Amino acid sequence: MAKGIWVFAEVKDGNIRKITFELLSQGKKMAEKLGEELVAVLLGSKVEGLTGRLAEYADKVYWVEDPQLAQYTTDAYATVLANLCKEHQPSIFLCGATVIGKDLSPRIAARLQTGLATDCTGLTIGDDGLMITKRPVYAGKAFTEVVCPSSRPQMASVRPNVLEMYPPDGTKKGEAIKVEAKIEPSSLRTAVLEVVKSAGAKVDLTEADVIVSGGRGMKGPENFKILEELAEVLRATVGASRAAVDSGWRDHGDQVGQTGKVVTPNLYIACGISGAIQHLAGMGSSKIIVAINKDPDAPIFQKADYGIVEDLFKVVPVLTEEFKKLLAES
Amino acid sequence: MNIIVCMKQVPDTETLIKIKPDGSGIVTDDIKYVMNPYCEFAVEEALRIKEKFSGQAVLVTMGPQRAVEALRTGLAMGADRSIHLNDPTFEGADGFATAQALAETIKKESFDLILCGKQAVDGDLAQVGPSLAELLNLPHVTLITKLEISPDKKKAKVEREVEGGKEVIEVNLPAVFTCQKGLNEPRYASLPGIMKAKKKEIKPINLAALGLPADQVGAAGSKTKILKYTPPASRPPGKVISGEVLDAAKNLVRLLREEAKVI
């Protein structure tokens with residue numbers, strides 16, 4: 001019988017990403033409820049040094065070391081992980097709904113002929129022992145509860161920033177087990193020629209704690225400077241509405257909404273955004289929403305926790321100064 | 001070059017979604033359906049490749065009778081013909097069952113590449129493209145924003161969006177790509193295009209024509225099951241902060257720290 005809760009440990013720039021610890025924190029609770037072990041699976045090159053932090057949460061850490069895993073490629077990662085799953089038969093397999101997790105998990109699910117719930121915002125174990133995943137559909141206009149009744153593992157990719165992360169209890173020291181990768185170079189059908197970092201790239205919108213977003217009310221690309229300044233103070237990432245992106249003021253990668261990125265920051269500050277349904281769907285799960293718009297009837301105010309009905313060009317610079325003062329004090 | 005475009009008809013993104021009282025699904029009355037926005041990028045890219053290298057762009061969709069409208073839109077944009085998987089037994093398919101039915105259909109076609117949207121904006125799975133690639137034993141690249149076919153048509157060089165930047169990837173063809181905003185500007189169908197589309201083929205495929213057993217399609221062939229639909233958590237009513245700009249800003253900063261505790 002399939003047993004064990006597995007978490008794919010995602011590495012970025014030599015560090016384990018936060019989503020991995022979010023998954024391990026939740027995975028630990030589920031493992032206790034099921035009476036199964038919690039396993040972290042780490043792939044990469046020169047990653048042995050990262051196993052210790054995973055072992056503070058997990059009963060076992062399988063680590064796979066191979067130069068061919070230094071850079072993520074679908075074929076190499078999918079093959080190693082699918083083979084490990086075939087060998088050990090976990091009951092649950094979790095990864096982050098990150099660019100890598102979303103690329104990888106449907107491939108593994110199809111290879112293992114099993115069910116996958118993508119981009120989940122909640123995981124629980126039901127009374128019958130099945131994992132119940134909660135996931136948004138229609139960009140968050142509705143949610144579904146999904147199970148994978150009979151095939152194993154039950155797979156889920158989970159959105160960053162939504163599961164609670166706990167520090168390790170300090171007593172656990174899981175066993176780190178090295179596994180051979182056994183990758184046939186000829187089986188790798190894609191090659192990464194180049195990775196280009198965007199200039200001034202901060203935290204990605206999907207992982208940001210704070211987002212400052214601008215819409216049609218920004219009136220032009222040059223005015224986003226005041227949002228950049230506010231973002232700088234708050235260590236926030238700047239987003240944009242579809243109107244701003246379609247006007248060519250911001251890069252398409254900055255778009256928040258149903259046809260852009262769905263975001264879940266702790267704080268979302270919407271400036272000059274009216275709040276079209278498709279935008280509200282993309283940011284409606286933010287913990288706290290602030291709206292600044294001179295139109296008191298703008299739909300964004302229906303979603304906002306705090307609203308200021310005023311010209312954003314007057315408010316934003318003052319707000320930046322006030323945040324600066326506050327953060328200088330603390 | 002022959003290009004397969006997998007596409008889907010979905011509710012327009014401006015649609016308000018209502019959940020049935022028993023939570024078994026959404027209320028589908030009064031929904032305006034459109035081609036999935038990400039599929040528009042896939043159709044457009046297929047047409048550009050076809051215009052450059054000649055060949056055929058073939059649309060494939062699975063859905064009820066109304067999905068014909070989305071196929072007609074793609075045909076009016078310039079696709080050559082289309083295939084419509086339509087059978088009551090196909091209903092309720094999850095990502096796996098959908099990919100399986102598409103794979104079974106596409107196997108019978110000759111093609112050089114397959115384009116999909118990065119996800120459909122109804123189920124938001126982002127699963128079908130990569131799963132389809134796996135079932136066809138093809139490589140895939142997700143979230144592409146640029147696609148260049150080599151002159152010998154054997155390889156593609158693509159750019160894909162990743163967190164904080166982009167990757168440039170080379171892949172042998174045939175391959176599956178999922179298309180992201182930024183890849184192109186989809187064209188509108190022209191009037192002559194709409195007229196021509198009326199004569200283009202929409203080939204219906206039912207269960208018998210598909211050739212899979214009934215327990216491998218639709219809800220029966222799905223690996224996952226939706227227990228219920230729920231509305232998003234309702235938000236408590238917000239506060240409007242009034243007063244002079246400076247006072248309002250001070251007030252907001254204080255509330256974010258003391259009440260909301262997010263700063």
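**Strand pairing, sheet and cores across two chains**

Strand β10 (residues 142–147) of chain A and strand β12 (residues 225–230) of chain B run antiparallel and are joined by 5 bridges. Strands are DSSP runs of E with at least two residues, helices are runs of H or I with at least four, and both are numbered from the N terminus. Two strands pair if DSSP finds at least two bridges between them. A:F143 has B:T230 as its bridge partner in β12(B). The model is predicted: local features need pLDDT of at least 70, side-chain atom pairs count only at pLDDT 80 or more, and totals for chains, interfaces and linings use all residues. Residues are numbered from 1 along each chain as its sequence is written, and chains are lettered from A and ligands numbered from 1 in the order in which they are written.

The contact between the chains takes 74 residues from chain A and 69 residues from chain B. Contact requires C-beta atoms, placed from the backbone, within 7 Å. The side of chain A that touches chain B has 37 nonpolar, 19 polar and 18 charged residues. Here Ala, Val, Leu, Ile, Met, Phe, Trp, Tyr, Cys and Pro count as nonpolar, Asp, Glu, Lys and Arg as charged, and the others, Gly among them, as polar.

An open sheet also draws on both chains. Its 6 strands follow the order β15(A)-β14(A)-β16(A)-β17(A)-β18(A)-β13(B), with parallel pairing. β15 (237–240) of chain A and β13 (239–240) of chain B stand at the edges, each with a single partner strand, so one side of each is left without a neighbour in the sheet. Within the sheet, 5 bridges join β16 (residues 267–271) to β17 (residues 288–293), both of chain A. A:L267 is partnered there by A:I288. Helix α5 (residues 224–234) of chain A packs on the sheet and touches β14 (210–214), β15 and β16 of chain A. The direction of α5 makes about 175 degrees with that of β14(A). Such angles run from 0 to 180 degrees between N-to-C directions, with axes fitted to C-alpha atoms, for helices over the stretch in contact. Helix α7 (residues 245–258) of chain B lies across β16, β17 and β18 (306–309) of chain A.

The largest nonpolar core has 124 residues. Such a core is a set of buried Ala, Val, Leu, Ile, Met, Phe, Trp, Tyr and Cys residues joined through C-beta atoms within 7 Å; buried means 20 or more other C-beta atoms within 10 Å of the residue's own. A:A40, A:L42, B:V5 and B:A42 have the most contacts inside the core. A second, separate core of 65 residues includes A:I211, A:L280, A:I292 and A:L312.

Key: A residue is buried if 20 or more other C-beta atoms lie within 10 Å of its own, exposed if 12 or fewer, and partly exposed in between; C-beta atoms are placed from the backbone. Two residues are in contact if their C-beta atoms, placed from the backbone, lie within 7 Å.
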